[in-house]
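Good morning, everyone, and thank you for making the time. Please have a look at the structure before I start talking about it.

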Amino acid sequence: MSNWEMLAVLVAGISAGTINTMVGSGTLITFPVLLATGLPPVTATVSNALGLIPGSISGAIGYRAELAGQRRRVLRLSAAALLGGLGGATLLLVLPSTAFETIVPVLVTLALVLVIIQPRLASAVQARRARTGVRARPAGGPLLFGGLLLASVYGGYFTAAQGIIYLSLMGMLLDDSLQRLNAVKNILAAVVNGVAALFFLFVADFDWTAVVLIAVGSALGGQLGARIGRRLPPVALRALIVVVGVVAIVQLVVRRYG
């Protein structure tokens, strides 16, 4: 890489770490930059997954106050993330690089719809529980576990917009604030990136320069994203999720059909 390319990757890492901590979809920033430096798609994906681990950990640390009291939930849902991330990493080495590109915009669109209508859904679910006397499951039950497992398969494969999918699933099935769910999302992203990266270390090619630059940048961005994201009111955070999601959909569609 030239000095300018290295600077571009570092800045992309900072941007990705920031947006991943607040919402998700940071890969849509780093991945095109890595491709522009001349890295093959799979090498870029693997290098990106390795580099984003410090950013996910940094973001989770920044949201540590919101993680209070969620230990059991995090452990249960992390098991789904671990299994799904390993499955997705395996698929990356088996399937063609365009395998998920057709369905991903549809998944992200559905996730955004759920994010938008989540307050009404939550109110309706709470009213129904009040009538029936049924208590909410702290970890969301089998439906959330299965949904996060499938989302993590995709996350281990490519990671773009997985955070939005996580937030939509948890927002629909868990009775908790968006900020606390965002804190859990950062943990799940760290688990998926971590298990995928460990798998890649032994079976795939990666570029250490890209990994180090994205790692440093995403770690800085994780702290920045936590500072900004934790101060956003729920409406503003939800609006940011929608804006980032729409940009992600446009970029994915253009990349697939452009």
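I will go through a helix pair, then the cavities, and finally a single proline.

Please keep in mind throughout that what you see is a predicted model. Let me begin with helix α4, residues 71–94, which packs against α8 at an angle of about 35°, with the two axes 8 Å apart, and the crossing of this pair is right-handed. On the α4 side the contact includes Leu77, Ala81, Gly85 and Leu86, and these and other residues of α4 meet a set in α8 that includes Val184, Leu188, Val191 and Phe199. In terms of residue character, the contact of α4 with α8 divides into 19 nonpolar, three polar and one charged.

Turning to the cavities, the structure holds three of 30 Å³ or more, and the largest cavity contains about 110 Å³ of space. Its lining is made up of 13 residues, with Asn20, Thr159, Gln162, Ala189 and Asn193 lying nearest the centre. Two or more lining residues come from each of α3 (41–62), α7 (162–173) and α8 (178–203), and α8 gives the most, with three residues. What is the character of the lining of the largest cavity, counted as nonpolar, polar and charged residues? The lining has two nonpolar residues, 10 polar and one charged.

Finally, Pro234 is found in helix α10, which covers residues 234–257. Pro234 counts as partly exposed because its relative accessibility is 49%. Although Pro234 and Ser177 are 57 residues apart in sequence, their C-alpha atoms are 8.1 Å apart in space.

Notes: Residues are numbered from 1 along each chain as its sequence is written. This is a predicted model: local features need pLDDT of at least 70, side-chain atom pairs count only at pLDDT 80 or more; totals for chains, interfaces and linings use all residues. Side-chain values use heavy atoms; hydrogens and water are left out. Helices (H or I, at least four residues) and strands (E, at least two) are DSSP runs, numbered from the N terminus. Buried means under 20% relative accessible area, exposed over 50%, partly exposed in between (1.4 Å probe, protein chains only). On a 1 Å grid over the protein atoms alone, a cavity is a set of points where a 1.4 Å probe fits but cannot get out, and a pocket is an open set with protein on both sides within 12 Å along at least five of seven lines; lining residues have an atom within 4 Å of a point. Grid points are joined across faces, edges and corners, and a volume is the space filled by probe spheres set on the points. Ala, Val, Leu, Ile, Met, Phe, Trp, Tyr, Cys and Pro count as nonpolar, Asp, Glu, Lys and Arg as charged, and the others, Gly among them, as polar. Axes are lines fitted to C-alpha atoms, for helices over the stretch in contact, and angles run from 0 to 180 degrees between N-to-C directions. A crossing is left-handed if the near helix is turned anticlockwise from the far one by less than a right angle, and right-handed if clockwise. Contact means heavy atoms within 4.5 Å.
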